[in-house]
Amino acid sequence: MFLDILIDPDKSIYNALVLLQKTSSKCLVVVNQKQKLLGTLNDGDIRRSILKRKNLKSKIKEIYK
């Protein structure tokens, strides 16, 4: 279950939205290839990036906290 909310920082904003919807979670955990914690990403982060006119194809490494 916990592994379902892990996401790579090179994934797109669109991929993050799909994963948030699929898992019904409020937050995703951003990890690198070695599973090291890099930060978190929630729907508010995505919403703010869209308001700043980011493309859905942009990578989440530009917006996660």
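Which residues does Ile63 touch, not counting residues up to four places away in sequence? The close-ups below begin with that residue, and every one of them shows a predicted model.

**View 1. Ile63 and its partners in the nonpolar core.** Leaving out residues up to four places away in sequence, Ile63 touches Ile13, Leu41, Asp45, Ile46 and Ser49. Ile63 is also among the residues with the most contacts inside the largest nonpolar core, a group that includes Ile7, Ala16 and Leu28 as well. That core has 15 residues in total. Strand E1 (6-7), helix H1 (13-23) and strand E2 (27-31) are the elements that give two or more residues to it. Here is a general idea to keep in mind: in soluble globular proteins, nonpolar side chains tend to be buried together.

**View 2. The two sides of helix H1.** Start with the buried residues of H1, which are Ile13, Ala16, Leu19 and Leu20. Seen down the helix axis, these buried residues fall within an arc of 120°, so they line one face of H1. They pack against E1, E2, strand E3 (37-42) and helix H2 (43-51). Now look at the other side of H1, where Gln21 and Lys22 are exposed. Just after the helix comes Ser24, whose phi is positive, near 55°.

**View 3. A nonpolar patch on the surface.** Tyr14, Leu17, Val18, Ile50 and Leu56 make a nonpolar surface patch of about 420 Å². Which element gives the most to the patch? The answer is H1, with three residues. Take Val18 as an example: this residue is in helix H1, and its relative accessible area of 39% makes it partly exposed.

**View 4. Two buried glycines.** Gly39 is found in strand E3 and is buried, with a relative accessible area of 9%. Neighbours within four places in sequence aside, Gly39 is in contact with Leu28, Val29, Val30, Tyr64 and Lys65. Leu19 lies 20 residues from Gly39 along the chain, and the C-alpha atoms of these two are separated by 16 Å. The second glycine, Gly44, is in helix H2. Is Gly44 buried or exposed? Its relative accessibility is 6%, so Gly44 counts as buried. Between the C-alpha atoms of Gly44 and Lys61 the separation is 15 Å, and the two residues are 17 apart along the chain.

**View 5. A salt bridge between distant parts of the chain.** The structure holds four salt bridges, and one of them joins Asp10 to Lys61, with the closest N and O atoms 3.3 Å apart. Asp10 is in the loop between E1 and H1, while Lys61 is in the segment after H2, so many steps along the chain that the pair is 51 residues apart. Both partners are partly exposed: Asp10 has a relative accessible area of 40%, and Lys61 has one of 48%.**View 6. Salt bridges within helix H2.** Asp43 and Arg47 meet through their side chains in a salt bridge (3.7 Å, N to O). Both lie in helix H2, four residues apart, which is about one turn of the helix. Asp43 is partly exposed, with a relative accessible area of 43%. Another salt bridge links Asp45 and Arg48, whose closest N and O atoms are 2.8 Å apart. These two are three residues apart in H2, and about one helical turn separates them. Asp45 is buried at 4% relative accessible area, whereas Arg48 is partly exposed at 42%. Asp45 also touches Thr40, Ile63 and Lys65, not counting residues up to four places away in sequence.

How values were computed: Residues are numbered from 1 along each chain as its sequence is written. This is a predicted model: local features need pLDDT of at least 70, side-chain atom pairs count only at pLDDT 80 or more; totals for chains, interfaces and linings use all residues. Side-chain values use heavy atoms; hydrogens and water are left out. A nonpolar core is a set of buried Ala, Val, Leu, Ile, Met, Phe, Trp, Tyr and Cys residues joined through side-chain atoms within 4.5 Å. Buried means under 20% relative accessible area, exposed over 50%, partly exposed in between (1.4 Å probe, protein chains only). Contact means heavy atoms within 4.5 Å. Patches are made of residues with over 30% relative accessible area and no salt bridge: like charges are joined within 9 Å, nonpolar side chains (Val, Leu, Ile, Met, Phe, Trp, Tyr) within 5 Å. Accessible areas come from the Shrake-Rupley method with a 1.4 Å probe; for residues, only the protein chains shown count as cover. The arc is that of the directions from the helix axis to the C-beta atoms.
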